[in-house]
Amino acid sequence: MPETISVPDTDLGADGRAVLVLCSALRSPDGPRPLDLNAYNRLAAWLQQNDMRPADLWEPEGRVRLDALPDTGAITSGRLLALLEEEASVLEGLEAWGKAGGWVLPRSDTSYPAAVRRRMRHRAPALLYGVGNPALLGQSAIAVAGSREAGEAALAFARRVVERCAGDGVPVVAGGRSGVTKALVDMARDTRASMVGVLPAGLGAAACRDSVQSAIDGGRMVLVSAVAPTAAPRATSASGVRLMYALAAGILVVESRDRQGQTWAAAMDHLQRVGRGAVRAGRLLVRAEAPLSSGNRALIEAGARPFSRRMLRSSRHLLDWLQGPADVDGHRDPSPVEVEQMADAGAELFAQIWPTLRQLLDRPRSAKDVRDMLADVRLGQARDWLMTAVDRGLALRSERPVRYRLPVSSATDETDAAPEDVDA
C-alpha cells in the first residue's frame, strides 16, 4: 500500500467540469435543480448521436446546437443553460470539498473505476464523490453484505472473512447502514484490512468520524458515494447496493431475508443479470452454515455458490473462490440439502460437547483458552462451537477482548439445559 494517497486532480478538464456543473449538488440551494442520472443519460445519448461531448456545451456553437434538443420536460435547453451558468457556484463547492480532503470523479474521467463503468453501464453514477485512497477502487475486492437483522453467527463469519482479507491483501467492500456494515468498519480497523465503504449519503459527516480517520489517513480506506457530501442521510437504495457490488470482484452474502430487503433484491438482481450475460463480475457466494436461513437457502437455490468456514480455512487465495472454477482442488459445492445435512450433523456433535463447554464457561474464556482445555481440537472448531452456543442463547460473547461466558442465569443454575431445547 503506498504511504501517500493520490487524490484525483480538482482540474477535471472540460468534459468533467461540464458533467459536474450539470449533475452536482455542490452548489447554491437557490439555483436550478441538477440533472438526475436518468436525465443525464438522455443528454449523454443525445450528445453522442450528434457527435458531441459534454465539453462542447462550453462553446458558443455547442450552446446553439442545444436548440435542436428534443423537449422532454427534464432536459430542456433552457434548463441546461441555466445549470451551466452555475459554474462558479459549483466550483466553489468543489474547492470546499477538496479542502476537506474530498474529491469527485465524473463518469467521463479516465480515473473513474473501469469496473463500475463496465458492470453498471447506464446505471453507473454520473459522479462519484469520495474521500480517502482512490487507488483501492481499482483493486480486486470482495463485497460483504448482510441484512439489518444479521445475528451473531453472521457477524462472526464476517469477522473471519475480514481477517482472511487482511491476510490475503483483498480489500473489503461494504455499503449501507446495516448492522453488518457498521461491524465491518470495526473489523477492518482491528485487523488492518483495507476497506471500500459505499454510502447512500452523509459522506462528509462519515469522513469526520474518529472510527475511520486513522484508516483514511493511513491509505487503508476510501469512502465513496453517488450523492453529494452535503446531502442528508437517507435509506440505502438499490442503486447504492449495485454500486457496492460493481466495485467488487465477487460478493459474499452472510445473511439475507427471503424476498425482503436490499440485500436480497441486489443479490437476485446480480444473479439474473449475470445469467443474462449482462454483468462480467465474480460469483455470488452465500454463507452456508447452521442455521441456514430461508433467505440464504433461496439464494443458493437461485444459483449462488455456498461458502463455509471450511473453505476459509483452505490454503487457496480468497480471490480464487471468487473468480476460479468451482471444482478446483476436487471441491464440489454442496446443495442446500447437503448443507442442512451437515448442519444437522454439526448440531448432533454440539449436543455432545455442550456439557463440557458449559463447565469451561463458568468464567470468561477466549476461543484459544477453550481449545487449550480440550484435547485434539482445532482453534477453528472451538470457535465454531462457541459461536453455536451464542447463536442458541446458551452463551454470551463480549468484544475487545473477545471472550465467551455463560449468561448470569445459566451460570447460577445447577441444572444443565439440553441444548436442543433452546430455540435456534
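This is a short talk on one predicted protein model, covering its confidence, its overall make-up and a handful of residues.

I'll start with confidence. The average pLDDT for the protein is 81, and 82% of the residues score at least 70. The two stretches I would flag are these. Residues 1-5 have a pLDDT below 50, and the model gives that stretch 12 contacts beyond near neighbours in sequence. Residues 414-424 are also below 50, with 15 contacts beyond near neighbours in sequence. Where pLDDT is low, the predicted coordinates should not be read in detail. I will leave both stretches there.

Now the overall make-up. The protein has 424 residues, of which 50% count as buried. DSSP runs give 19 helices and 11 strands. The exposed area is about 19,600 Å², and carbon and sulfur atoms supply 49% of that. If we take contacts with a separation of 6 or more, 71% of them are between residues 24 or more positions apart.

On to helix H1, residues 13-23. How many of its 11 residues are buried? Eight, so the helix is mostly covered. Those eight are Asp-15, Gly-16, Ala-18, Val-19, Leu-20, Val-21, Leu-22 and Cys-23. What do they pack against? The partners comprise three helices and two strands: helix H2 (37-49), helix H4 (77-84), helix H5 (87-99), strand E1 (102-106) and strand E2 (127-132).

Cys-23 is worth a separate word. Its relative accessible area is 12%, so with the cut-off at under 20% it is buried. Cys-165 is buried too, at 1%. As for disulfides, the structure holds zero.

Arg-17 brings us to a ring. This side chain lies over the face of Trp-58, and the distance from the ring centre is 4.6 Å. Trp-58 turns up again in the surroundings of Arg-63. Arg-63 sits in helix H3, residues 60-65, and is partly exposed at 23% relative accessibility. Setting aside neighbours within four places in sequence, Arg-63 contacts Asp-56, Leu-57, Trp-58, Leu-81, Leu-84 and Glu-85. Taking Leu-81 from that list, its C-alpha atom is 7.7 Å from that of Arg-63, with the two positions 18 residues apart along the chain.

Next, aromatic pairs. The structure holds two. I will describe the one formed by Phe-157 and Phe-307. The ring centres are 6.2 Å apart and the planes meet at 85°; planes over 60 degrees apart count as edge-to-face, so that is the class of this pair. Which parts of the chain does the pair tie together? Phe-157 belongs to helix H7, residues 152-168, and Phe-307 to strand E9, residues 305-307, so the pair links parts 150 residues apart in sequence. Both phenylalanines are buried.

Staying with H7, that helix also holds Arg-160. Is Arg-160 buried or exposed? Buried, with a relative accessible area of 12%. What is it in contact with, once neighbours within four places in sequence are left aside? The list is Arg-309, Leu-312, Arg-313, Arg-383 and Asp-384. Three of those names are arginines, and one is an aspartate.

Another buried residue is Leu-322, at 1% relative accessibility. Leu-322 is in helix H15, residues 318-323. Its C-alpha atom is separated by 9.5 Å from that of Ala-141, and the two residues are 181 apart along the chain.

Last, backbone angles. Most residues other than glycine have a negative phi. Two arginines here have a positive one. Arg-121 has a phi near 55°, and its place is in the loop between helix H6 (114-120) and E2. Arg-192 has a phi near 65°. Arg-192 lies in the loop between helix H8 (179-191) and strand E5 (195-198). With a relative accessible area of 58%, against a cut-off of over 50%, Arg-192 counts as exposed.

To recap the main points: H1 has eight of its 11 residues buried, Phe-157 and Phe-307 form an edge-to-face pair, and residues 1-5 and residues 414-424 have a pLDDT below 50. That is all I have.

Terms used:
Residues are numbered from 1 along each chain as its sequence is written. This is a predicted model: local features need pLDDT of at least 70, side-chain atom pairs count only at pLDDT 80 or more; totals for chains, interfaces and linings use all residues. Side-chain values use heavy atoms; hydrogens and water are left out. Rings of Phe, Tyr and Trp (its six-membered ring) pair if their centres lie within 6.5 Å; planes under 30 degrees apart count as stacked, over 60 as edge-to-face and the rest as tilted. Helices (H or I, at least four residues) and strands (E, at least two) are DSSP runs, numbered from the N terminus. Buried means under 20% relative accessible area, exposed over 50%, partly exposed in between (1.4 Å probe, protein chains only). A charge sits over a ring if NZ of Lys or CZ of Arg is within 6 Å of the ring centre and within 35 degrees of the ring normal. A disulfide is a pair of cysteine sulfur atoms within 2.5 Å. Contact means heavy atoms within 4.5 Å. Accessible areas come from the Shrake-Rupley method with a 1.4 Å probe; for residues, only the protein chains shown count as cover. pLDDT is the predictor's confidence in each residue, from 0 to 100.
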